[in-house]
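Hi everyone, thanks for coming. I'd like to walk you through a structure that's probably new to most of you, so let's get it up on the screen.

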There are 4 protein chains.
Amino acid sequence: MSSNSFGKLLSVTTFGESHGPAIGCVVDGCPPGLALAPEDFRNDLERRATGRSRHTSQRRETDEVEILSGVYEGLTTGTPIALLIRNTDQRSKDYADIAERFRPGHADYSYWHKYGLRDPRGGGRSSARETTMRVAAGVIAKRWLQQRHGVRVRGWLAQLGPLTPAAFDWDAVEQNPFFWPDAAMVAELESWMDKLRKSGDSVGARVNVLAENVPPGWGEPIYGKLDGELAAALMSINAVKGVEIGDGFAAVSQRGSEHRDEITPQGFLSNHAGGVLGGISTGQDVLASIALKPTSSILIPGRSVNVRGEPVDVVTKGRHDPCVGIRATPIAEAMVALVLMDQALRHRAQCGDVAAVTPRIPAKP
Amino acid sequence: MSSNSFGKLLSVTTFGESHGPAIGCVVDGCPPGLALAPEDFRNDLERRATGRSRHTSQRRETDEVEILSGVYEGLTTGTPIALLIRNTDQRSKDYADIAERFRPGHADYSYWHKYGLRDPRGGGRSSARETTMRVAAGVIAKRWLQQRHGVRVRGWLAQLGPLTPAAFDWDAVEQNPFFWPDAAMVAELESWMDKLRKSGDSVGARVNVLAENVPPGWGEPIYGKLDGELAAALMSINAVKGVEIGDGFAAVSQRGSEHRDEITPQGFLSNHAGGVLGGISTGQDVLASIALKPTSSILIPGRSVNVRGEPVDVVTKGRHDPCVGIRATPIAEAMVALVLMDQALRHRAQCGDVAAVTPRIPAKP
Amino acid sequence: MSSNSFGKLLSVTTFGESHGPAIGCVVDGCPPGLALAPEDFRNDLERRATGRSRHTSQRRETDEVEILSGVYEGLTTGTPIALLIRNTDQRSKDYADIAERFRPGHADYSYWHKYGLRDPRGGGRSSARETTMRVAAGVIAKRWLQQRHGVRVRGWLAQLGPLTPAAFDWDAVEQNPFFWPDAAMVAELESWMDKLRKSGDSVGARVNVLAENVPPGWGEPIYGKLDGELAAALMSINAVKGVEIGDGFAAVSQRGSEHRDEITPQGFLSNHAGGVLGGISTGQDVLASIALKPTSSILIPGRSVNVRGEPVDVVTKGRHDPCVGIRATPIAEAMVALVLMDQALRHRAQCGDVAAVTPRIPAKP
Amino acid sequence: MSSNSFGKLLSVTTFGESHGPAIGCVVDGCPPGLALAPEDFRNDLERRATGRSRHTSQRRETDEVEILSGVYEGLTTGTPIALLIRNTDQRSKDYADIAERFRPGHADYSYWHKYGLRDPRGGGRSSARETTMRVAAGVIAKRWLQQRHGVRVRGWLAQLGPLTPAAFDWDAVEQNPFFWPDAAMVAELESWMDKLRKSGDSVGARVNVLAENVPPGWGEPIYGKLDGELAAALMSINAVKGVEIGDGFAAVSQRGSEHRDEITPQGFLSNHAGGVLGGISTGQDVLASIALKPTSSILIPGRSVNVRGEPVDVVTKGRHDPCVGIRATPIAEAMVALVLMDQALRHRAQCGDVAAVTPRIPAKP
């Protein structure tokens with residue numbers, strides 16, 4: 001089983017380097033009969049796209065998805081869906097001077113030691129360019145989840161360096177380039193980022209994703225748990241250094257009487273669990289959070305070595321995001337959606353015959 | 001592929017319920033020729049065992065491992081290694097009154113909705129009893145890693161509720177029932193836990209695991225990354241709500257100039273990355289942290305519903321740990337070791353021919 | 001994923017050596033709610049058992065299955081079902097003299113070269129003893145297929161050396177130790193086998209398995225085809241050297257006008273396809289055949305080498321079947337049943353929503 | 001894990017329909033450093049290509065492979081290798097009249113029942129067009145096997161309807177459009193095929209593949225055996241109805257004294273086993289044979305039903321091969337090569353440390 005594949009029944013295989021001819025993916029296992037057209041991918045790809053604002057990399061690509069297979073007369077057929085995006089804005093010369101030196105904090109050194117050679121152009125396979133195909137695959141999962149189960153998956157930027165939202169409004173999230181839920185703070189973020197960019201440095205971020213209306217029962221103990229697979233999916237995103245479900249690390253200092261979510265026939269009274277108990281969804285909203293590190297591609301010189309082990313200084317030129325977390329929201333949404341759809345199919349396989357045994361408790365009273 | 005299996009080349013399949021006849025596992029893919037005997041499992045199983053101190057569940061079992069297959073004349077043969085432990089201290093009557101009511105914060109409700117029936121005795125499959133077999137399987141991985149690659153995997157309790165160690169000493173860790181690295185604080189922990197237990201409540205914890213001497217090159221981008229698989233492995237442990245690699249969530253508010261680990265020919269100058277870049281080990285120490293929630297098995301009554309959806313109050317009787325995190329250290333170590341051994345084998349498969357291309361940078365100067 | 005595991009959603013992992021303490025398996029993915037008890041395994045294990053007649057190995061074991069997990073109050077719970085059988089009739093001394101010499105036609109030499117060591121007692125892991133657990137796991141699949149889909153899987157011995165049945169009667173199959181469908185020939189087989197056994201030689205056999213009432217739609221193109229997975233499953237049985245679906249090798253000299261199965265609303269007019277087209281079941285009966293080689297464990301001396309590469313003569317002592325094909329019928333049935341159940345679950349996962357689009361054509365007019 | 005993927009460590013995922021925009025594959029797990037260029041694919045694709053002679057379908061495509069990823073400066077990088085071939089000679093109108101009727105002996109009916117809809121153009125996903133990508137992927141495996149292990153994989157047409165070669169000469173195989181090893185018979189085959197084509201009928205065939213110089217030790221008991229995986233790989237090829245290893249079904253009537261391959265220090269004295277014992281290679285040549293059915297796409301009308309279950313007559317127009325077996329030789333070679341390379345990598349993972357314990361016996365004296 002390919003290490004560039006993800007998912008057991010809804011299986012996504014991605015390929016492509018940042019500056020190769022194309023990137024793409026194969027999505028296998030999607031049920032037949034789902035309406036799907038190239039334009040369905042536009043919104044999420046645009047949300048992820050570079051060039052959306054001055055706060056992200058200025059690489060500009062249209063990122064038009066070509067559907068190569070698996071769709072006939074506008075409907076999925078049950079055969080593998082291959083999606084292709086041509087790379088059109090490569091500037092490989094930008095990377096010539098790092099071909100022989102390892103940027104600190106980057107995958108240069110680890111790739112080199114693993115494979116004995118590497119494609120240095122734009123980070124090659126380790127580039128965030130690969131996440132484009134996650135977003136594309138995630139579009140299919142989001143559509144199926146919404147249409148088949150009424151599940152809605154959406155995320156927001158929950159922290160940018162030291163800044164956290166003072167208010168929360170879903171409507172605000174899509175109306176600013178940060179996916180920030182507090183419209184009143186957007187100007188502050190803009191100026192904060194301008195200052196950061198001028199300093200040549202970068203900063204970390206936190207992204208949250210919420211899935212609403214997930215039915216109870218999704219997730220496969222013990223090693224295919226819903227939260228375990230969310231953790232794998234989210235940790236595989238570039239720059240992610242931490243994953244939380246529900247209260248996450250805050251649970252370390254909580255008491256059991258505080259953390260456990262009490263239940264009434266009218267609904268769960270809280271959601272510290274983040275919608276997962278024993279690795280299986282409870283019917284509460286599923287909440288996942290990720291920590292994204294500050295990118296190592298900064299203008300401030302850093303000490304490193306070259307391929308011969310000699311000391312060198314490295315400055316990262318090229319086009320880079322001072323906060324990779326800004327564009328991570330649609331990527332994280334996609335991974336959550338892919339995991340949920342995979343689990344939904346797995347649940348149907350094993351437990352498709354199980355009759356409802358007990359009234360379903362609402363997510364909230 | 002079984003959802004009760006873990007690992008691609010070193011594959012562990014566990015089975016068994018808390019109060020069934022036995023628990024066990026099958027470890028497949030271990031190279032032949034590794035010396036292995038039943039007594040090799042004793043130390044780690046004792047470290048994990050219930051009954052080690054008054055701060056953990058009073059269930060008492062000898063947990064003697066029987067090797068059913070895969071070992072001949074004291075050496076692994078390359079065929080699957082089956083390990084079996086009989087359950088000997090079941091008290092199923094303790095659980096009779098929760099057969100029809102869902103303990104809040106437990107997997108009762110989610111299992112019931114998934115499968116339409118469940119084994120309520122001691123939590124059945126969702127019990128932490130299953131982690132015994134992770135520890136047993138981990139023993140094999142630890143031995144192989146140590147003997148073949150000189151890799152050492154060990155962990156400690158890094159936070160207990162509000163308490164954090166004021167000092168760090170590896171020697172202290174194994175000399176108290178908490179795996180606490182600060183010997184001077186052990187008395188404080190004892191009295192803190194006594195008070196907690198008397199209150200009938202529980203508390204969360206943080207466990208760290210460090211793997212030293214991991215060579216660069218282990219980990220398979222993009223969906224078999226070392227950190228991604230660590231996240232999956234660790235999040236699958238009962239009660240875990242968060243996973244961090246290296247600085248984890250602290251990276252959210254860091255700058256790139258601070259986070260990136262600069263490199264000199266004499267060694268890496270820091271380890272914010274936790275030993276993983278681009279999903280591949282760097283030769284730095286691999287550091288993973290987990291957040292464990294406070295167990296929901298407490299003596300303080302909580303609101304819930306029964307199988308008919310009627311409101312009930314639940315008090316958890318039976319034997320329970322007021323802090324499940326205390327016993328989590330050997331479990332987390334085992335999962336890290338299993339992931340590392342699996343990745344070592346995968347690396348050898350694909351890159352076993354790669355000649356050393358560049359001097360290996362020491363973990364520290 | 002373990003190489004000792006079989007199946008994607010219904011996953012079977014077996015372990016154990018011929019003369020180790022026990023053999024066993026873990027069956028994962030079985031839907032919850034299936035009635036299952038230790039006595040359900042008796043009939044098929046007895047059908048496979050050594051010692052059923054004088055024509056098979058005289059190793060005598062009761063082969064009582066212990067259910068270690070996954071069943072609660074007589075019903076499967078959806079968690080992994082572990083089955084264990086203790087080995088009780090080992091006579092390891094029989095094998096002492098072959099520990100250092102490779103029996104020609106056996107796995108001795110190939111195991112030794114692969115692993116660098118091996119358990120020589122009774123063939124170790126390569127013994128047909130392992131197939132006991134296939135039969136046990138197959139019992140679960142047969143029960144589920146019968147109860148959930150009305151599918152019936154049964155086989156017969158279709159050729160024994162030069163002998164083929166002159167008549168076919170399902171009732172006869174279970175009434176003789178050969179699974180032979182022609183009662184009138186049983187005496188002839190008995191004397192033929194007596195003569196063979198006295199000659200110290202062995203002979204090959206062909207076993208057929210038929211699955212009736214399989215609905216159309218099972219099987220996953222392109223690399224999870226029903227016939228592809230049947231081939232993998234059946235070829236993995238000890239001594240199998242060939243697999244056919246439907247007409248198999250007879251199709252080589254057929255014309256298309258003869259081979260294609262014409263269809264009428266009243267039913268398929270023939271079944272050359274063996275119930276599979278494009279890797280998907282058609283609703284015709286699924287027919288699979290296997291060729292079993294003559295066992296290499298014979299009393300006639302053969303040339304070989306020892307572990308030092310020196311020439312030696314080998315005579316196989318111990319208890320052996322002069323025709324391993326005689327006991328293969330329940331094993332082949334089990335593998336077919338396991339593949340079908342796995343495919344049924346996979347079909348439900350992806351296509352559980354597909355409405356019947358077209359009248360189902362009966363298997364026969 | 002995708003059902004359109006094949007292989008555990010060398011993993012091939014194919015996609016594409018006969019008359020969609022393109023077909024392609026993703027090959028993951030190839031070791032880094034293998035030289036690979038688009039022109040390397042030409043020879044085998046030409047060998048498989050339609051239009052090679054008047055005896056195969058007249059669909060004409062150049063089948064130029066584009067390497068989309070995984071190769072940098074002419075060498076594989078260890079990242080997934082995506083290969084793309086545009087479909088350029090679709091004539092979808094040929095298939096309009098079979099959109100609503102099921103061709104007997106084709107996958108039309110089974111696909112329709114499985115998915116509820118299908119792409120009828122040229123058979124969609126069930127077309128032999130998919131095998132183009134197997135051949136392309138196989139090129140990579142053949143190159144690696146040859147360069148790394150000196151293994152050579154090549155095949156021939158061993159039977160065409162009633163005709164079998166009277167002589168065997170490797171040189172002849174590549175010098176006629178049938179891959180026929182007996183040059184003296186080629187004229188006879190030509191006239192036989194001309195007559196068949198005029199009759200509007202089709203015929204079956206047998207293809208053999210031989211892999212020379214395979215070292216002992218490849219193959220993973222019990223469910224990842226070399227022969228089991230060969231069977232799965234070969235049975236997944238369109239039109240294949242049977243698979244044999246070594247003597248295959250001939251073993252049914254053999255004696256053990258005849259079948260077992262005796263061993264001398266100078267070499268194996270025979271090769272009835274086809275190079276595999278206990279699922280592991282022995283160092284003998286690996287021999288696999290397949291039976292291909294006569295295609296159901298013939299000009300002779302056949303009875304069938306349409307999507308409404310009504311009786312119809314079907315004549316297959318369009319471009320079709322009267323003997324699909326003629327072009328199957330490179331496809332079968334590719335599958336054998338892919339299985340062998342996968343097993344080589346798996347063997348290295350688990351047993352890469354095993355020291356040679358015993359002299360290797362030559363394949364032949």
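Let's start with a pair of helices: in which hand of crossing does H6(C) pass H8(C)? Before I answer, please keep in mind that this is a predicted model. Okay, the crossing of H6(C) and H8(C) is right-handed. In general, you describe two packed helices by the angle between their axes and the distance between the axes. Here, helix H6 of chain C covers residues 226–235 and helix H8 of chain C covers residues 328–351, and their axes come within 9 Å and cross at roughly 145°. On the H6(C) side, the contact is made by C:Leu226, C:Glu229, C:Leu230, C:Ala233 and C:Leu234. H8(C) brings C:Ala332, C:Met335, C:Val336, C:Leu338, C:Val339 and C:Gln343. Sort the residues of that contact by class and you get nine nonpolar, one polar and one charged.

Now let's zoom out to the chains. Take chain B: turn it by 180°, with 0.0 Å of shift along the axis, and it superposes on chain A with an RMSD of 0.0 Å. So the two copies are related as by a two-fold rotation axis. Which residue of chain B comes closest to that rotation axis? That's B:Ala232, with its C-alpha at 2.3 Å. The same surface serves both copies, too, with 100% of the contact residues of chain B recurring in chain A.

Chains C and D get a similar treatment. A turn of 180° and a shift of 0.0 Å along the axis lays chain D on chain C, with an RMSD of 0.0 Å. In chain D, the residue that comes closest to the rotation axis is D:Ala232, at 2.3 Å by its C-alpha. Here 99% of the contact residues of chain D recur in chain C, so to speak of the surface, the same one serves both copies.

How many residues are in contact between these two chains? We have 99 from chain D and 98 from chain C. On the chain D side, helix H2, residues 108–115, gives the most, with seven residues. By class, that side of chain D has 42 nonpolar, 37 polar and 20 charged residues.

Next, a record. An unreviewed UniProt entry lists A:Arg48 and A:Arg54 under "binding site". Buried or exposed: what is A:Arg48? A:Arg48 counts as buried, because it has 24 C-beta neighbours inside 10 Å. You'll find A:Arg48 in helix H1 of chain A, residues 42–48. Looking past its neighbours within four places in sequence, A:Arg48 is in contact with A:Thr132, A:Val135, A:Arg327, A:Pro330 and A:Ile331. A:Arg54, on the other hand, sits in the loop between H1 and strand E4 of chain A. A:Arg54 counts as exposed, because it has 11 C-beta neighbours inside 10 Å.

Last up, some backbone details. Most residues other than glycine have a negative phi, and most peptide bonds are trans. The peptide bond from A:Pro221 to A:Ile222 is cis, though, with omega near 0°. A:Ile222 lies in the loop between strand E9 and helix H6 of chain A. In chain C, a cis peptide bond joins C:Pro221 and C:Ile222.

Then there's A:Ala239, not a glycine, yet with a positive phi of about 75°. A:Ala239 is in the loop between H6 and strand E10 of chain A, and is buried, with 25 other C-beta atoms within 10 Å.

Conventions
Residues numbered from 1 in each chain as written. Chains lettered and ligands numbered in written order. Predicted model: local features only at pLDDT ≥ 70, side-chain atom pairs only at ≥ 80, totals over all residues. Least-squares fit on C-alpha atoms with pLDDT ≥ 70 in both. Contact = placed C-beta atoms within 7 Å. Axes fitted to C-alpha atoms, helices over the stretch in contact; angles between N-to-C directions. Helix = DSSP H or I, 4+ residues; strand = E, 2+ residues; numbered from the N terminus. Left-handed = near helix turned anticlockwise from the far one by under 90°. Nonpolar A, V, L, I, M, F, W, Y, C, P; charged D, E, K, R; others polar. UniProt positions renumbered as here; feature names shortened; annotations may be inferred. Buried ≥ 20, exposed ≤ 12 C-beta atoms within 10 Å, placed from the backbone.
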